[in-house]
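Reader: I've just opened this structure and could use a guided tour. Please take it one piece at a time.

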Amino acid sequence: MDEIDCDVHCAPASFDELFPYLSDYWRQYISEAGVRLNGLSYAYPPGVVEPAPSNYSSLSEWVLSEPEPRFVVLNCLTGFETHRNPYFSAAVASAINDWVREEFLERDARLRASVVVSSVSPDDAVSEIKRVGEDPRFVQVLLPVRSDLPWGHKNNHPIFEAARSAGLQVGLHAWGRAGKAPTPSGFTTTYLEDYFGNQPIAQAQVLSFVSEGVFERFDDLRVVVTECGFAWLAPLLWRFDKDWKGVWREVPWVKRRPSEYVVEHFRFTTAPAHLPDHPVALGQLLEMMDVPGTLTYASDYPHDHGNGLSLLLDQLSEEERRRVMWGNAAAVFGLA
Amino acid sequence: MRVVVAPLRSFPSGERRIVEVGGRSIGVFRVGESFFGIRNRCPHQGGPLCLGHLLGDAVADGPGRARLSEDPLRIACPWHGWEYDLDTGQSFMGTASPGVRSYGVELSPGASLCDELHPAPPRKRIPGPYVAETFEVNVEDEYVVLHA
Amino acid sequence: MSSSQVETRTGVSSETPRSVELVDCDVHAQATEAMLAQYLSPSARRLLERYGRRTPRVTEWYPRARHSGMRVDAWPGKPGHIWGSDPELMREQLLDEFDVDYAVLEVLSGQDCYDHPDFAAEWNSAVNDWQVDAWFSSDPRLRGTIAVPHEYPSLAVAEIERRVGDDRFVAVLLPASAAEQLGNPKYWPIYEAATAHGRPVAFHTGGYVDHRGAGYPSFYLDYHVGNGIVMQSQLASMVAGGMFQSIPGLKVVLTECGLAWVAALRWSMDAAWERMREDVPRLARKPSEYIDEHVWFTTQPIEEPDDPQHLVYAISQARLGERLLFATDYPHWDFDSPKQALPRAFGPELRRAILCENALSLYGLPSRREL
């Protein structure tokens, strides 16, 4: 069956690969400050997770072999590692996009990519989207699920405006800048909590896009929630709809039930697929949420979350599998 | 059943009365020269609907651009705040489609997919999920009369 | 969704003692400052009078956008009283109206106390004194929870020790967010003390949520829906941090955070644990087994899917049939009515378990009571 793979990772192994795309000022800064890329090691501990491929030949060897995908969307998370110097963050984002184009997009017509942007400056994100977004090989703007301010906040709306003007969607990806623990309280003490932690954070972001009226302003925007799971979606929507009925006056621009905005505007990648192993419970999940309409396939190479997806696909009809494996992505990204 | 609620002159605009009729509690409201009757029981979880706040509409043509409108008048349940049109009993928190379904794409081989994202239904409030029971109230010979 | 008008009582009877049929596991007696200040030492009272409560109320961070967060009809209209402060009105509107057999009070006044440890200790002790004085004696159906200065575990343990002789205190109360994640070993002495004295620890939605994952939301709507999301993070902390492994008798009640999200969390943590056991050497078993054994949930605010059967699915997927505790959350605006909140789709056994049996078993309450 055809597939469009919505989340495959690539990353420069070190700043050396980005140097050709950075000014000599930044090269000196990186050298003097001892800034190193660590492959987002707190998210993908090198002892247990394979590093993302840093060149086309490793990528093609692993990903573009059998079965051959029709398209692959590359997500380079290196931008998530940058610290808060907004100028550095913007410069590195540009460098990454240039590197991805030259190293990957130029080499294979099946490859697509996310536009990496600064996550500390909406202005700079807009500039970068304008700089590279018209290139049809870029299909979405990559945002980290962890943020200082929820992504739906009005301060971020220029990013969505620029994205749509450039024909781009938004990819909301697990993890983000390391810093004080991203929880409601304080530090986590285990990787397990951090790994799971992307899910509650993604849920909060989903709420924000709807309540802040992002989809009222940008009604053709789609957000692909990537590597944050999806089995949590239905209960969240039950609660969101119920609470909205009581306090809708706080957000009167939300004209329909929140769940309707969510199923229309969000897609969720299939990795990780953390599912019940009992077929009855799995069947129930398929009743509770619209899997064929809202999921979109991703291998998440080289990250391995187990094989929950195959259990799910077994329960779907041929047509439903087609939608998940490539149809939804084709529609969202305009890939013929 | 005709129930005399009060003499007109002692029921000014802006006030309400709760009356018991045949085991049902019903709220009678006067707004200007109009009268409304609505069951004092929220269809959601049975709260005393007619003790709630009477509110006009809040509309917004975009995020942050909210304003009040006098119409339609709604009664908000004093518990969860679910609101019902005082005249028709209709609530407007419904869903455009039964069950939650995405607006997916039907694909045909070789078709161009670029603009295939189906347009969503227009963004306006959808009736539902409940309708509160309403009653006719009129003025007869200077008395406010509820028909329940 | 079809709501159901189902009689809570199976039959009207004046026979005594009678069978318990309804336990309300989350009721908010709410104190005014004056009501608590009377229990303070003179110096603490003077501090309060001159400097006030330094920390803003959580209702100032996110104003409750509907009815100030309360049932409009629960305002007592008596001088000096506020919603939830008048035992007479609570008896009328809750205990008698719905024929409640036992109600567990959770007084939240101490949860946002980030004042000096001495003051925090006194303030929480005042909350407990107030429960004894103003509430327990007013109605034999009432039970309470021990408020503690949770950021100062040794002071919290002292307060627990002070109260456990009174068996009307059925649990220890903490907020759902704190300076550290709730599974952090800093708080374990509190959990150990509670367990040593046969009390579960109830974690109630609220406290100062420091939204550092996605950032601070703009609206009460997001914040309110977020109460369930916050508890997911805390439950992950509790399990992964190993407290259930280290305190085998510990029981926790996650309160006012919903219940439908539990299944997905179990699947996810179990799948993750299969792949990263070395990261959590304290866990001898898979995460869902700890949840099975150690965690209870109150029902309010109960989720309302369009198809109520889906809620039944969510309960069975998370094996919650014996772990759900009915709660009204009186007098808050999102109050769940005992008569109508549980959908018809719940069969009689599940209904009975949720409305009373699970609570009787957890809190060791008598299953028959004198009228």
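Reader: Let's start with Trp248(A): where is its place in chain A?
Author: First, this is a predicted model: local features need pLDDT of at least 70, side-chain atom pairs count only at pLDDT 80 or more, and totals for chains, interfaces and linings use all residues. Residues are numbered from 1 along each chain as its sequence is written, while chains are lettered from A and ligands numbered from 1 in the order in which they are written. Helices (H or I, at least four residues) and strands (E, at least two) are DSSP runs, numbered from the N terminus. With those labels, you'll find Trp248(A) in the loop between H8 and helix H9 (258-265) of chain A.

Reader: Is Trp248(A) buried or exposed?
Author: Count the other C-beta atoms, placed from the backbone, within 10 Å of a residue's own: 20 or more is buried, 12 or fewer is exposed, and in between is partly exposed. Trp248(A) has 24 of them, so it is buried.

Reader: How many Å separate the C-alpha atoms of Trp248(A) and Ser211(A)?
Author: Along the chain, these two are 37 residues apart. In space, their C-alpha atoms are separated by 9.3 Å.

Reader: And Glu287(A), how far is it from Val48(A), C-alpha to C-alpha?
Author: Glu287(A) belongs to helix H10 of chain A, and with 14 C-beta neighbours inside 10 Å it is partly exposed. In sequence, Val48(A) is 239 residues away from Glu287(A). In space, the two are apart by 35 Å.

Reader: On to the chains: which helix supplies the largest share of the side of chain A that touches chain C?
Author: Two residues are in contact if their C-beta atoms, placed from the backbone, lie within 7 Å. The contact takes 58 residues from chain A and 58 residues from chain C. On the chain A side, helix H6 (191-211), helix H8 (233-247) and helix H10 (279-288) each supply at least two residues. The largest share, 15 residues, comes from H6(A).

Reader: What about chain C against chain B: how many charged residues are on the side of chain C that touches chain B?
Author: Chain C gives 14 residues to this contact and chain B gives 12 residues. For the classes, Ala, Val, Leu, Ile, Met, Phe, Trp, Tyr, Cys and Pro count as nonpolar, Asp, Glu, Lys and Arg as charged, and the others, Gly among them, as polar. On the chain C side, nonpolar residues come to 4, polar to 4 and charged to 6.

Reader: At roughly what angle do the axes of H3(A) and H4(A) cross?
Author: Axes are lines fitted to C-alpha atoms, for helices over the stretch in contact, and angles run from 0 to 180 degrees between N-to-C directions. The axes of helix H3 (residues 86-103) and helix H4 (residues 122-132) of chain A come within 10 Å, crossing at roughly 20°.

Reader: Why is H3(A) called roughly parallel to H4(A), and which residues in H4(A) meet H3(A)?
Author: Angles under 35 degrees count as roughly parallel, over 145 as roughly antiparallel, 65 to 115 as roughly perpendicular and the rest as oblique. That crossing angle therefore makes H3(A) roughly parallel to H4(A). From H3(A) come Pro86(A), Ala90(A), Ala93(A), Ser94(A) and Asn97(A), and they meet Asp124(A), Glu128(A), Arg131(A) and Val132(A).

Reader: Within what arc do the buried residues of H11(C) fall?
Author: Helix H11 (residues 287-294) of chain C has Pro287(C), Ser288(C), Tyr290(C), Ile291(C) and His294(C) as its buried residues. The arc is that of the directions from the helix axis to the C-beta atoms. Seen down the axis of H11(C), these residues line one face of the helix, because they fall within an arc of 155°.

Reader: How many strands does chain B have?
Author: Buried residues make up 30% of the 148 residues in chain B. Its secondary structure comes to 0 helices, and its strands number 9.

Reader: Which residue does a cis peptide bond join to Gln300(C)?
Author: Omega for this bond is about -5°. The partner is found in the loop between S8 and helix H12 (308-317) of chain C. The cis bond joins Gln300(C) to Pro301(C).

Reader: Last one: what is the phi of His67(C) near?
Author: His67(C) is in the loop between helix H3 (58-61) and helix H4 (87-96) of chain C, and it counts as buried, with 25 C-beta neighbours inside 10 Å. Most residues other than glycine have a negative phi, and most peptide bonds are trans. His67(C), which is not a glycine, has a positive phi near 60°.
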